[in-house]
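Reader: I would like a close look at a single part of this model. Please describe where it lies, what packs against it and which neighbours it leads to.

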Amino acid sequence: MDSSVTSTEFTATDAPVRIPGPATPYQGDIARYWDGEARPVNLRLGDVDGLYHHHYGIGDVDDTALGDPQDSEYEKKLIAELHRLESAQAEVLLGHLGDIGSEDTLVDAGCGRGGSMVMAHQRFGCKVEGVTLSAKQADFANRRAHELRIQDHVRARVCNMLATPFETGRAAASWNNESSMYVDLQDLFAEHSRILKVGGRYVTITGCWNPRYGQPSKWVSQINAHFECNIHSRREYMRAMADHRLVPQAVVDLTPDTLPYWELRATSSLVTGIEDAFINSYKDGSFQYLLIAADRV
Ligand SMILES: C[S@@+](CC[C@H](N)C(=O)[O-])C[C@H]1O[C@@H](n2cnc3c(N)ncnc32)[C@H](O)[C@@H]1O
């Protein structure tokens, strides 16, 4: 499906959908990165139940579900287990969005292939608008929404999350699931603050470097280079939120919850080479996996 198609079913904006090119050469790089991304670790996990994520997992590994590593079915079970942990991560994010009704509209900033958007609609019955820099991802997400016959409720578009076409003060909630490390946080929270209604909820799950460590560690630098991103510090998140009327309501350190996922993933055939950087930086305290839920006041 053409990701630029407009639909009157959606009330998030009355303005025509604008599809400008990337705002900066960097955004062009990121669009190309995600347009070309087809790692088995993302696609084979999504094939398990049709929810395609580009984020990491949380929770304890179910050893019983995995069974014997010598078993011929073990790899398949491991993929299903990693996927279960990634969906559990999205459930935790959605669980912090507050009371959402079926008439509400939510915004997924940096929606990837749309797994979290589908889960949000299935959970709340609401409308979900997603934006991504990647036309391939937006088409993928919209195709899935059509297959599930929820295209009137779930839609992705190619758009810069720092300048969305959504109406001011309309969204009941918005989120970044592992997508805030691609943008300036002042610009990002200015835009969330604009589109959220007063009393609305903003949630992010993100990796951030720990100010207690001092500066970004070599592992954090490796992760930045691997994903072409720019991981912010925990302090930057707090400061930028405060500057834009986003008041943290919950700050949850998910680092201990995500380590089992990484340790399991490091044993699989789906390794991408970045697993050690995550495990080492989580263990030496230089990097944290954080959920921040904030009220728009
Ligand atoms: C790691 S993926 C996360 C995808 C999704 N949130 C998930 O949980 O599966 C990062 C996403 O951020 C998007 N992104 C990065 N910078 C963006 C920007 N300026 N505007 C819109 N999307 C952006 C990418 O296109 C990609 O979809």
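Author: A helix here is a DSSP run of H or I with at least four residues, and helices are numbered from the N terminus. The model is predicted. The part described is helix H4, which covers residues 74–95.

Leu 78 is a starting point, as one of the residues placed in helix H4. Buried means under 20% relative accessible area. Leu 78 has 1%, and therefore counts as buried. Apart from neighbours within four places in sequence, Leu 78 is in contact with Leu 66, Leu 264, Thr 267 and Ser 268. For a sense of distance, Ala 163 is 85 residues from Leu 78 in sequence, and their C-alpha atoms are 39 Å apart.

Leu 264, one of those contacts of Leu 78, belongs to a helix pair. H4 packs with helix H10, residues 255–265, at an angle of about 155° and with 11 Å between the axes. Angles over 145 degrees count as roughly antiparallel, and H4 and H10 are therefore roughly antiparallel to each other. Their crossing is left-handed. On the H4 side the contact involves Tyr 74, Leu 78, Glu 81, Leu 82, Leu 85 and Glu 86, and on the H10 side Tyr 261, Leu 264 and Arg 265. By class, this contact has six nonpolar residues, three charged ones and no polar ones. A general point bears on the spacing of such positions: an α-helix has 3.6 residues a turn, so residues three or four places apart point the same way.

A second helix that packs with H4 is H5. The angle between H4 and H5 is about 55°, with their axes 10 Å apart. That angle makes H4 oblique to H5. The crossing of H4 and H5 is right-handed. H4 contributes Ser 87, Ala 90, Glu 91, Leu 94 and Gly 95 to the contact, while H5 contributes Ser 116, Met 119, Ala 120, Arg 123 and Phe 124. The contact of H4 with H5 divides into five nonpolar, three polar and two charged residues.

Gln 89 is also found in helix H4. With a relative accessibility of 0%, Gln 89 counts as buried. Not counting residues up to four places away in sequence, Gln 89 touches His 55, Tyr 56, Gly 57, Ile 58, Asn 177, Glu 178, Ile 205 and Tyr 289.

Of these, Glu 178 can be followed further. Glu 178 is found in the loop between strand E4 (171–177) and helix H7 (185–195). Its phi is positive, about 55°, although Glu 178 is not a glycine. Most residues other than glycine have a negative phi. At 11% relative accessibility, Glu 178 counts as buried. Ser 179 lies in the loop between E4 and H7 too, and at 4% relative accessibility Ser 179 counts as buried. Beyond four places in sequence, Ser 179 is in contact with Ala 109, Gly 110 and Met 161. The C-alpha atoms of Ser 179 and Asp 139 are separated by 18 Å, and the two residues are 40 places apart along the chain.

The other route away from H4 goes through H5. The buried residues of helix H6 pack against H5 (115–124), and also against helix H1 (25–35), strand E2 (127–132) and strand E3 (154–158). H6 covers residues 135–147, and its 13 residues reach 18 Å from the first C-alpha to the last, close to the 18 Å expected at 1.5 Å a residue. The buried residues in H6 are Gln 137, Ala 138, Phe 140, Ala 141, Asn 142, Arg 144 and Ala 145.

After H6 comes Arg 149, in the loop between H6 and E3. Arg 149 has a positive phi of about 60° and is not a glycine. Its relative accessible area is 74%, and Arg 149 is therefore exposed. The two positive-phi residues described here can be set side by side: Glu 178 counts as buried, whereas Arg 149 is exposed.

To return to H4, its contact with H10 includes Leu 78, and its contact with H5 includes Ala 90. Gln 89 touches Glu 178, a residue of the loop between E4 and H7.

How values were computed: Residues numbered from 1 in each chain as written. Predicted model: local features only at pLDDT ≥ 70, side-chain atom pairs only at ≥ 80, totals over all residues. Heavy atoms only, no water. Axes fitted to C-alpha atoms, helices over the stretch in contact; angles between N-to-C directions. Helix = DSSP H or I, 4+ residues; strand = E, 2+ residues; numbered from the N terminus. Parallel < 35°, antiparallel > 145°, perpendicular 65-115°, else oblique. Left-handed = near helix turned anticlockwise from the far one by under 90°. Contact = heavy atoms within 4.5 Å. Nonpolar A, V, L, I, M, F, W, Y, C, P; charged D, E, K, R; others polar. Expected span 1.5 Å × (residues − 1). Buried < 20%, exposed > 50% of the residue type's maximum accessible area, 1.4 Å probe, protein only.
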